[in-house]
Amino acid sequence: MIQISESAASKLAALKKEEGKPESAALRVEVKKGGCSGLSYKMDFGTEAKEGDQVFESNGQKLIVDGQSLLYLIGMTLDFSGGLNGKGFVFNNPNATKNCGCGSSFNV
């Protein structure tokens, strides 16, 4: 299961409106090779799940993950941290054994 915090859900709704995306658009999260810790997160809005994708819904927002990325993301919570010292979207990933300082790269 993958969760989306209330603050992340609010930010996703605002971003979709800002970018002219339909309310039904889902956030697609993928894990790619790269980044300073070995793996990195890639996010984009999508409207349809492909074969092998898993769709999660939390706090009124949908998140799509492909089958291969799901292995790295099980149990994750997507959060959003704003304010003066905010980092933006934060991946609270229990599978990550090492994270880089920017929070967008990890290793398992």
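Let's start with empty space: the largest pocket in this predicted model holds about 150 Å³. How do you spot a space like that? Rolling a probe the size of a water molecule over the atoms shows where empty space is left. Now look at what surrounds the pocket. Its lining is made up of Glu 30, Val 31, Lys 32, Lys 33, Leu 39, Asp 66, Gln 68, Ser 69 and Tyr 72. Sort those residues by class and you get 3 nonpolar, 2 polar and 4 charged ones. Which element gives the most to this lining? That's β2, with 4 residues. Helix α2, which covers residues 67–73, also supplies at least two residues, as β2 does.

Let's step back and look at the whole chain for a moment. It has 2 helices and 9 strands, and if you read along the sequence they come in the order β-α-β-β-β-β-α-β-β-β-β. The chain has 108 residues, and 39% of them count as buried. How much of the contact in the chain is between residues that sit a long way apart in sequence? Taking contacts with a separation of 6 or more, 52% are between residues 24 or more positions apart.

Back to the pocket lining, and to the charged residues in it. Side chains of opposite charge can pair when their charged atoms come close. How many salt bridges does the structure hold? There are 3. Glu 30, one of the residues lining the largest pocket, takes part in a salt bridge with Lys 32, and the closest N and O atoms of that pair are 3.7 Å apart. Glu 30 also meets Lys 42 in a salt bridge, this time at 3.8 Å from N to O. That second pair links distant parts of the chain, since Lys 42 is in strand β3 and Glu 30 is in strand β2, 12 residues apart. Put the two together and you have a network of salt bridges joining Glu 30, Lys 32 and Lys 42.

Are the members of this little network buried or exposed? Glu 30 has a relative accessible area of 16%, so it falls under the 20% cut-off and counts as buried. Lys 32, at 38%, is partly exposed. Lys 42 is partly exposed too, with a relative accessibility of 42%.

The remaining stop is Arg 28, which you'll find in strand β2, the stretch covering residues 26–33. Which residue does Arg 28 pair with in a salt bridge? Its partner is Asp 53, and their closest N and O atoms are 2.7 Å apart. This pair also links distant parts of the chain: Arg 28 is in β2, while Asp 53 is in the loop between β3 (39–46) and β4 (54–58), 25 residues apart. Both partners are buried. Arg 28 has a relative accessibility of 12%, so it sits under the 20% cut-off for buried.

Arg 28 has other company as well. A polar atom of its side chain lies 3.5 Å from the backbone oxygen of Glu 48. If you leave aside the neighbours within four places in sequence, Arg 28 is in contact with Lys 42, Met 43, Asp 44, Glu 48, Ala 49, Lys 50, Asp 53, Ile 64 and Asp 66. Two names in that list should ring a bell: Lys 42 belongs to the salt-bridge network with Glu 30 and Lys 32, and Asp 66 helps line the largest pocket.

Technical notes. Residues numbered from 1 in each chain as written. Predicted model: local features only at pLDDT ≥ 70, side-chain atom pairs only at ≥ 80, totals over all residues. Heavy atoms only, no water. Buried < 20%, exposed > 50% of the residue type's maximum accessible area, 1.4 Å probe, protein only. Polar contact = N/O pair within 3.5 Å; in protein donor to acceptor, adjacent residues only side chain to side chain. Contact = heavy atoms within 4.5 Å. Salt bridge = Lys/Arg side-chain N within 4 Å of Asp/Glu carboxyl O. 1 Å grid on protein atoms, 1.4 Å probe; cavity = no way out; pocket = protein on both sides within 12 Å on 5 of 7 lines; lining within 4 Å. Points joined across faces, edges and corners; volume = space filled by probe spheres on them. Nonpolar A, V, L, I, M, F, W, Y, C, P; charged D, E, K, R; others polar.
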